[in-house]
Amino acid sequence: MPITVIAKLKTKAGSEKQFEEAARKMIDTVRSAESGTLQYILHRGVKDPTEFVYYEVYQDQAALDHHGKTDHMKAFGGAIGALLDGRPQIDILTEVTKK
């Protein structure tokens, strides 16, 4: 069953561009290296440009687990840690309408 993740991140003011650059590299890597990742899309807040939201869909729990253990995920976390204003909010969801 597919797993959806909504990850909300807030950057420190003035760090938006640096975060976005790191995020674009991460998105490219995930899309090319993780076949179990079906969607990996980043959105930016209109009212608050320091707010970013990832919409991620994984083939199954194993694909999500794999994503979290990759070297590129660890590197991304290290690259953006100092840019964030607080901890990310991560929501993991399953689709209600699927059987």
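# Salt bridges, a pocket and a buried threonine

Guide: Searching the whole structure turns up three salt bridges. Bear in mind that this is a predicted model, where local features need pLDDT of at least 70, side-chain atom pairs count only at pLDDT 80 or more, and totals for chains, interfaces and linings use all residues. Residues are numbered from 1 along each chain as its sequence is written, and side-chain values use heavy atoms, with hydrogens and water left out.

Visitor: What makes aspartate 48 and lysine 10 a salt bridge?

Guide: The term asks for a side-chain nitrogen of Lys or Arg within 4 Å of a carboxyl oxygen of Asp or Glu. Here the N to O distance is 2.6 Å, so the pair fits. Aspartate 48 sits in the loop between strand S2 (37-44) and strand S3 (51-58), and lysine 10 in strand S1 (residues 3-10), so the bridge ties together parts that are 38 residues apart in sequence. Helices (H or I, at least four residues) and strands (E, at least two) are DSSP runs, numbered from the N terminus.

Visitor: Why is aspartate 48 called partly exposed?

Guide: Buried means under 20% relative accessible area, exposed means over 50%, and partly exposed is in between (1.4 Å probe, protein chains only). Aspartate 48 has 22%, so it counts as partly exposed. Lysine 10, at 30%, is partly exposed too.

Visitor: How do you know that Glu20, Arg24 and Arg44 form one network?

Guide: Look at the partners. Glutamate 20 meets arginine 24 in a salt bridge at 2.9 Å, N to O, and arginine 44 meets glutamate 20 in a salt bridge, also given as 2.9 Å, N to O. The second pair links distant parts of the chain, with arginine 44 in strand S2 and glutamate 20 in helix H1, 24 residues apart. Salt bridges that share partners join Glu20, Arg24 and Arg44 into one network. As for glutamate 20 and arginine 24, both lie in helix H1 (residues 16-33), four residues apart, about one turn of the helix.

Visitor: What makes arginine 24 exposed?

Guide: Its relative accessibility is 53%, so arginine 24 passes the mark for exposed. Arginine 44 has 39% and is therefore partly exposed.

Visitor: Why is threonine 11 called buried?

Guide: Threonine 11 has 1% relative accessibility, so it falls in the buried class. This residue lies in the loop between S1 and H1. Leaving aside neighbours within four places in sequence, its contacts (heavy atoms within 4.5 Å) include Phe19, Phe52 and Leu84.

Visitor: What lines the largest pocket?

Guide: There are 18 lining residues, of which Ala7, Glu56, Met73, Pro88 and Ile90 lie nearest the centre. H3 gives the largest share, four residues. A pocket here is an open set of points on a 1 Å grid over the protein atoms alone where a 1.4 Å probe fits, with protein on both sides within 12 Å along at least five of seven lines; lining residues have an atom within 4 Å of a point.

Visitor: How do you know that the protein agrees with a compact globule?

Guide: The globule rule is 2.2 Å times the number of residues to the power 0.38, with the radius of gyration taken over C-alpha atoms. For 99 residues that gives near 13 Å, and the protein has 14 Å, which agrees.
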